[in-house]
Amino acid sequence: MANAVMGYKQSSFPTKLAAISGIALLIFIILPFVFGDFQLSLMSKLLLFGSLGISLDLVWGFTGILSFAHGVFFTLGGYASAYYLKLNLSADSNTYGGELPDFMVWNGLETLPWFIAPLKYFPVALVATVAVPALFAYILGYFIFRSKVSGVYITIITLAISSALTTFFVSQQAYTGGTNGITDVSKLSFLGSPIPPIGLYFIILAFTVFVLALSWWLTQSNLGLILRSINENEKRIAFLGYDVAQFKIFIWTLSAALAGMAGGLFVPLNQFISPVYLAVAFGTQVVIWVAIGGRGTLVGPLLAAILLGQVQNYAEKVTQDWQLVIGILLLVVVLFIPNGLMSLLPKQLSLANLSKPKVLQTSDAVKN
Amino acid sequence: MLAFDPSSVFLSTYLLAQEEAEAVAEGGFDIVTLLNQALNGVGIVGILLLTGLGLAITFGVMRIINLAHGEFIMLGAYVTFVFQDAFGMDLLMTIPFAFLVTAIIGAVVELTIIRRLYGNPLETLLATWGLSIVLQGVVKLIFTAQLKYVKAPPYLSGNLPLLSDDAGGALISISYYRMFIIAVALALLGLTMYLFYKTSWGRQIRAVTQNRDMAKCLGVNTKLVDMGTFAYGCGLAGVAGAVISALKTVAPPMGQDYLVDAWMVVVTGGVDKLIGVLAGSLLIGEANAVIAFILNDPTARVIVLAAVIVLIRYRPEGLFTIQKRS
Amino acid sequence: MEAVLSVKETKMDGKMESVLSVKDLNVVFSGFKALSGVSLDVYDGEIVTIIGPNGAGKSTLLDAIVSKSPVFSGHIYYHGKDITNNSPHAIARMGIGRKFQNPNVYNELTVFDNILLALKGTHGILASIAAKLTKAKKGKIFDVLSRTGLVDQAFEQVSSLSHGQKQWVEIAMVLAQDPSIVLLDEPTAGMTADETYMTGEIIKSISKSHSVVVIEHDMEFVKQIAERIVVLHQGKVLAEGSVEEVQSNPKVIEVYLGHETIKAAA
């Protein structure tokens, strides 16, 4: 399965991969002109969920750290973006006409808290959507990866984090809007005019391409080789001179930053954010996309998120028990298709195979 | 999306106690509120002990990462509901059935899912999580998402007054049902410890967990021991569900609330000795009650969760070792 | 404290400075003394062979040197610098390479990638992202592979190799690290006689440019490579010297060679 060249940059251009990516991108560019409003918004959402799945794939599929906390990073980015949009509501669309968001008024706040106020400005909010989840992940990562704790314990810690933050956000009603979260936010504007849904779709598509390309580029480099080695045997690689914790913290923080960006884009689309996305149930969804799509495939989680989202959309018209389907699917994948749906594709179509350049066949390499 | 219910066993029991406390504390005795809160803590300890005990078997003894533990509690509660609803059975009488049904389901789960994944904790975690979703879905399919109510036996209702004011009204009291929960929890703990440390079945279990190959050579049917032990752990969860069903409403997602708490208890208490689950319940239950008294309940929960995370971080080997099963 | 003083004394005496110096080392596992008061010096370009019965503490000694097991007391000096209980990756970067008892290699990767991973050089994050597979690097990798006879298997997945070949992959990895001292834990375990002999020759060629510490059971092999032998017994150094010296040492004969001499003489 693992090909000979995972570990370094190619000297030749992977033509087949480029062709397939090009066609796929073209389809995604044409789609919005075919879609109705509902599908446009649904696909935008699914692309973001797919990006979130890719970010989890970096830490789970490649590095072997199973996290149920990626919904948390997503949501932290989402709240940063939600505060920005909420604080930029025009006075007459705000329930109380003033500057203060409605939920703060309900909970008896009289002034805007100092730590929320700066989010009114776009550059601050933009930085915050990335920096808040990344910083949180960095501190958490520093705390858990520089210790003897590993494997299942890390996963259980991520479950506890998700549970604790959910409770915390629900309880801090005055600052977070409690269970309802932050609703009725303004639309994202560019130069004073609101961005139409199709504009948002293309921003999100560009973001998805960015996440996929970045992740692919990183995992094709020596870094990818190191991450996969950490996954297979993290103790051994330390004796080759690598600081395992440093690599884990890096990929964990990067992944959280990407998840946070996805969350930041999710709010203008979804028009609200709430602790539902902090909860373990949503974190599980992300895990399921990666498990079903195929760990360590990058494209797999994206396709799984889109596929499951579309099926769910139609299934929910027929049945109320979509969750049951998801649970059965997860069980089947774990028990029978541990490498996910991507592993069912013909071998020639695997990402690893497509990105393999011809130049390094054994004979050539030996001659070098 | 799964149903989202941020409340927890702490929250509900706390609110219950809050009402009681407010009702009795009008005399203005702060000490009374404090004592009531401490008693409330004892009530939580009982629930934690009861719900944690099954996990102390499946995770503590067998080292199986079982995220479907909460659903076995839920199943136990539904068994009680069904028997009470259909035959008008007393809650106490339904307990053996709750044990039996959940134990059988547990055995089937071990046979079809867990067994394939021994030695692979992360996959087990994923599979049991999937199982948890499936069990919730199936129960919802059969019973709908509607809340169900289970009646406590009449002879266990009411409160035992411990301290009365001049007019004869109870200042400090503990409900009979809560005492019943503690009694059941302690009895089950005692029974389980007896089974594990004094019987040949217990010796076989310990032999298998300590050295599987050796146990096999000595003629222990390790597969049967695995299945039996897992089924027993699930059965205990079922009993917990049956007993707790009268405290709260019964609904498909109810197990999720208990899952996190049960895990915290087992992790805090340590997995090496069964008695650790009692220590964990006491520590978490009382810490939660005291912090909730000083601050408020959600804060208490966040603090306790954070403390558990720190605990895992610094004492993974003592409290939280997983031996690879081969 | 004593250990520190003794090192200073050696330096003042003007003796040859050792590459690796272990002073009065104690390693304790939950009350059990795995190593007690072990001292050992390894000099530039020599092969030190450690022998001893099972449980003598041979692997534990290597574990303590690379910080796999924590040192309870005593010191380990590398080129005069105290490295006791430093982090494993820091010790590896300084130039101490370790091969484990069971081949500890990456089965999911190719032989080439295993070596690439081990290659001396940058171990940072940004460096690993920016790293390019230069001709020089490829040359170095194939140099190491040809020294260990693995060129034909370069692009095979390690999981498909024989046990003996996996041992060589790990030796090749240690070589790619270009350490100044190579620690080999039972490099010939599970090898055929021919493979064992070849491994001996590889080790001899390694010792031309590196100091080598080898743990070994097979006395035939020990005779092939040994320059200086250290005998460990129950966590202590029992004897030290050439093959002949050790074999004629009455203490060694009593506790260890008693049954092994037969094998060695055969």
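Helix α7 (residues 163–176) of chain C lies across strands β6 and β7 of chain C and runs at about 175° to β6(C). Helices (H or I, at least four residues) and strands (E, at least two) are DSSP runs, numbered from the N terminus. Axes are lines fitted to C-alpha atoms, for helices over the stretch in contact, and angles run from 0 to 180 degrees between N-to-C directions. The model is predicted: local features need pLDDT of at least 70, side-chain atom pairs count only at pLDDT 80 or more, and totals for chains, interfaces and linings use all residues. Residues are numbered from 1 along each chain as its sequence is written, while chains are lettered from A and ligands numbered from 1 in the order in which they are written.

The strands beneath this helix topic belong to an open sheet of 6 strands in chain C, in the order β6-β7-β8-β3-β9-β10, with mixed pairing. Two strands pair if DSSP finds at least two bridges between them. At the edges stand β6 and β10 (236–241) of chain C, each of which pairs on one side only. From one strand to the next, the twist averages 20°. Within this sheet, β3 (residues 47–51) and β9 (residues 228–233) of chain C run parallel and are joined by 4 bridges; I50(C) has V230(C) as its bridge partner in β9(C). Another helix, α2(C), lies across β3, β6, β7 (181–185), β8 (211–215) and β9 of chain C, and runs at about 145° to β7(C).

A convenient residue to look up in β6 (residues 96–99) of chain C is G97(C). Is G97(C) buried or exposed? G97(C) counts as buried because it has 29 C-beta neighbours inside 10 Å; the cut-offs are 20 or more other C-beta atoms within 10 Å for buried, 12 or fewer for exposed, and partly exposed in between, with C-beta atoms placed from the backbone. Neighbours within four places in sequence aside, G97(C) is in contact with V174(C), Q177(C), P179(C), V182(C) and L183(C). Contact here requires C-beta atoms, placed from the backbone, to lie within 7 Å. By contrast, T192(C) is 95 residues from G97(C) along the chain, and their C-alpha atoms are separated by 25 Å.

A further open sheet in chain C has 4 strands in the order β2-β1-β4-β5, paired in the antiparallel sense. Strands β2 (32–42) and β5 (81–82) of chain C each have a single partner strand, so one side of each is left without a neighbour in the sheet. Strand β1 (residues 20–29) of chain C pairs with β2(C) over 7 bridges, and F32(C) in β2(C) is the bridge partner of F29(C). Helix α2 (residues 58–65) of chain C packs on this sheet as well, touching β1, β2 and β4 (73–78) of chain C, at about 70° to the direction of β2(C).

Turning to domains, the assignment, which comes from an automatic or database source, divides chain C into domain 1 (2–95 + 180–265) and domain 2 (106–178). Their C-alpha centres lie 26 Å apart, and 13 residues of domain 1 of chain C are in contact with 11 residues of domain 2 of chain C. On the domain 1 side, the elements giving two or more residues are α3 (88–94), β7 and α8 (193–206) of chain C, and α8(C) gives the most, with 5 residues. That side divides into 8 nonpolar, 3 polar and 2 charged residues. In this grouping, Ala, Val, Leu, Ile, Met, Phe, Trp, Tyr, Cys and Pro count as nonpolar, Asp, Glu, Lys and Arg as charged, and the others, Gly among them, as polar.

The largest nonpolar core has 276 residues, of which L330(A), I115(C) and A172(C) touch the most other members. Such a core is a set of buried Ala, Val, Leu, Ile, Met, Phe, Trp, Tyr and Cys residues joined through C-beta atoms within 7 Å. Helix α11 (residues 244–270) of chain A gives the most to this core, with 16 residues, and each of the two domains of chain C supplies at least three. Beyond four places in sequence, A172(C) is in contact with I115(C), V144(C), L145(C), T148(C) and L150(C).

In chain A, F73(A) lies in helix α3 (residues 70–87) and counts as buried, with 33 C-beta neighbours inside 10 Å.

How values were computed. Two residues are in contact if their C-beta atoms, placed from the backbone, lie within 7 Å.
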